[in-house]
Amino acid sequence: MNRLFALLCYMCLFSAASDAQDPWIVKADKIDPENYYGITVANGMIGIVSSPEPFKVKNVVLAGAYDLYGRGRVSNFLNSFNLLNMYLEINNKRIDAKNVSNFKQELDMQHAAFTTTFDYGDEATIKYTYYSLRQLPFTVLMDISIIAKKSINITAASVMEAPDALKEVQNYYNEIDRPHVTISLLTSTAKSPTGKLQLCASNTFLFNEEHGQEPRVIHEMWDNNMHLMKFTKAIGAGQTYRYAVAGTSITSAHDADPLNQAERLTMFAKLEGRDRLIQYHTNAWADLWKSDIQIEGDPQAQQDVHSMLYHLYSFSRAGTAYSPSPMGLSGLGYNGHVFWDADLWMFPAMLVLHPEIAKSMVEYRFLRLSAAKQNAFSHGYKGAMFPWESADSGVEETPVWALSGPFEHHITADVALAAWNYYCVTQDKQWLLEKGWPILSATADFWASRVERNGPGQYDIKDVVAADEWAENVDNNAYTNAAAIANLKRATEAAQLLGLKADPDWELVAQNIPILKFADGVTKEFAAYKGEGIKQADVNLLSYPLKAITDQTQIKKDLEYYESRVPNEGTPAMTQAIFALLYARLGNGSKAYHFFKDAYEPNLNPPFRVIAETKGGTNPYFATGAGGIIQSLLMGFGGLDITSQGISQIKSTLPPNWKSITITGVGPDKKTYIVK
């Protein structure tokens, strides 16, 4: 698909969206179930993916829940129990997509709430909204209201169904009676495919009626993999009836007693009540949105940027020691593994806007440092060698058919640079001593042992997969070499800050790793590179984030060479984001805006403008791309710069059609930066 055709398709897909430019709400008024890519509501722990079918959700994905099954003999994300699947019958007829009208869905990104509305004939108008509650990491809520156009009888059910991969499913129904409340718990538990994990879920109805007046709940067991609870209610003409379902999903990866904890947390939500649950959720998201990017003069870009921030915030969480996978909590893409996508692409955006969330991401790496040391030992190197794909244990989880596992070594420097940048932004020397220094020193030791010492200026790094992953088993890759140099230098700098003794060999190695050039001065991607097409930015990353190239003439020369080597399809969104960032810093607002739009618009899928990994791709949501594009706004158009003294602002240029960009809640001091 050429770029022009992709853009024309994009325009056709979204021209009908009547409120496409609302800064906070993405609406889908015309839904085609055959061309529907769900959008995720998540709280950094539990993700719920939308469905075009009434009262259904496509997936429930839980961070940190991995087991071995099927794909590639490596750990995979697991689908959790689908605890928000329901049905509604009106006058004994089941509602489905075929018998409703005016079916509309919308995501309120400001409040992280997904709402579906529709009419059922001349009998009722139905609305339901679900939340992945930000204040309760394992708990979700669905709030339902039914407006009766005439007198009707409803039967409403919550259905608990086990995903196919789970085994030894057990179902429970529990009623707890107290003088002030009756709690009906629909609970399921199962083992993961190898039996490594216990997965549990429980939910309950929340009624508005006074205790003793609420509907009677009935439990039905269908088979070992499915059971439900339901109630019936008569609603008079013109009346509105409202009820809710709160539920918890948790595993033995998160709690030593997940079955009982699932029920306890569901009971907690029940007794908190719908209004308090929604209020605390809303308050938590209001705090997150204190860190925002506001664009004046481009309403569609503003909505899209809010969507990117919303997804980054949704897929990560402070206090978890988790780091997001390329697809976050939007499904099982990339097996839920953690790549450089987290450290180089998502982490900097979170570090600038929410350092407390970024701390969790780098803590994830620190806790797996010993596994990285074992990985280095296994490959005959010293120090710590981080795996290309990481799951819960920190061992290499790349499927064996992919050469990136044994050879894409720049990930080790990416982890180290994230740790260094965390110190730079927070200036937390105690953290640097306890967590940052162990990462920086061990990774520096790795590079000192990894180079082949072939004389001055020839400490070569051979046989790697480049950051441009179409370049496999090449020598002296520009990004790998420059990232190694940066890693070695930052480790030395950290030692000086802490009053520790740096290994003098680190500086010697850093001074002798080559960065190759063509005869005309363009930086060469790797030793045997002859101008082939590239999958993604590699050389251009030396300008940002590595700052290995700072001369503007050189930056421009490298940009102009490599931007023409990126084909129109099969390349990820981050590449054009880096081009946009660098052109904004070079003062070319028009070209920066071109690449900003090109980074994601051809990747959008209906009906919610969710970003796929590549142009014309169908695997949303690509949080890596969102992270790169947000960096083009923060560090490109916004001019923010991470230095050893903290965050500063350098000169940058806006697109001609933007009046201003305002970045709020930056860094630990929550500063505001404005470019006009």
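Me: A polar contact is a pair of N or O atoms within 3.5 Å; within protein, one must be able to donate a hydrogen and the other to accept it, and residues adjacent in sequence count only if both atoms are side-chain atoms. What links Ala467 to the side chain of Gln536?

Reply: The backbone oxygen of Ala467 lies 3.2 Å from a polar atom of the Gln536 side chain, and the distance limit is 3.5 Å. This is a predicted model, in which local features need pLDDT of at least 70 and side-chain atom pairs count only at pLDDT 80 or more, while totals for chains, interfaces and linings use all residues. Residues are numbered from 1 along each chain as its sequence is written, and side-chain values use heavy atoms, with hydrogens and water left out.

Me: Is Gln536 buried or exposed, and how do you know?

Reply: Buried means under 20% relative accessible area, exposed means over 50%, and partly exposed is in between (1.4 Å probe, protein chains only). Gln536 has a relative accessible area of 3%, so Gln536 is buried.

Me: Where in the chain does Gln536 lie, and which residues does Gln536 touch?

Reply: Gln536 sits in the loop between helix H12 (504–512) and helix H13 (552–562). Helices (H or I, at least four residues) and strands (E, at least two) are DSSP runs, numbered from the N terminus. Contact means heavy atoms within 4.5 Å. Leaving out residues up to four places away in sequence, Gln536 touches Trp340, Ala467, Asp468, Glu469, Pro572, Met574 and Thr575.

Me: What makes Arg73 buried or exposed?

Reply: Arg73 has a relative accessible area of 66%, so Arg73 is exposed. Arg73 belongs to the loop between S4 and S5. Apart from neighbours within four places in sequence, Arg73 is in contact with Leu68 and Val400. From Arg73 to Thr240 the C-alpha distance is 52 Å, with their positions 167 residues apart in sequence.

Me: How do you know that S4 and S5 pair?

Reply: Two strands pair if DSSP finds at least two bridges between them. Strand S4 (residues 57–68) and S5 have four bridges, in the antiparallel sense, so the condition is met. Asp67 has Asn76 in S5 as its bridge partner, and Tyr66 stands opposite Phe77 in S5.

Me: Why is S5 called largely enclosed?

Reply: Four of the five residues of S5 are buried, so the rest of the structure largely encloses this strand.

Me: What makes S2 and S5 edge strands?

Reply: The open sheet has the order S2-S3-S4-S5 with antiparallel pairing. Strand S2 (40–42) and strand S5 (75–79) each pair on one side only. The twist from one strand to the next averages 30°. Such angles run from 0 to 180 degrees between N-to-C directions; axes are lines fitted to C-alpha atoms, for helices over the stretch in contact.

Me: Which strands form the open sheet of three, and which are at the edges?

Reply: The order is S19-S26-S27, again with antiparallel pairing. Strand S19 (292–296) and strand S27 (671–675) are the edges, since each pairs on one side only. With direction ignored, neighbouring strands here are turned by 10° against each other on average. Strand S26 (residues 660–666) and S27 are joined by four bridges, and Val666 stands opposite Lys671 in S27.

Me: Which strands does S8 pair with?

Reply: Strand S8 (residues 101–108) pairs with strand S1 (residues 25–28) over four bridges, and with strand S9 (residues 113–120) over six. Both pairings are antiparallel. Ile25 stands opposite Asp108 in S8, while Leu107 has Phe114 in S9 as its bridge partner. The hairpin of S8 and S9 has four residues between the strands, and Ala112 takes a positive phi near 50° there.

Me: How do you know whether the radius of gyration of the chain agrees with that of a compact globule?

Reply: The radius of gyration is taken over C-alpha atoms, and the globule rule is 2.2 Å times the number of residues to the power 0.38. For 676 residues a compact globule would come near 26 Å, and the chain has 26 Å, so the two agree. The C-alpha trace spans about 85 × 50 × 45 Å along its principal axes. Of the 676 residues, 63% count as buried.
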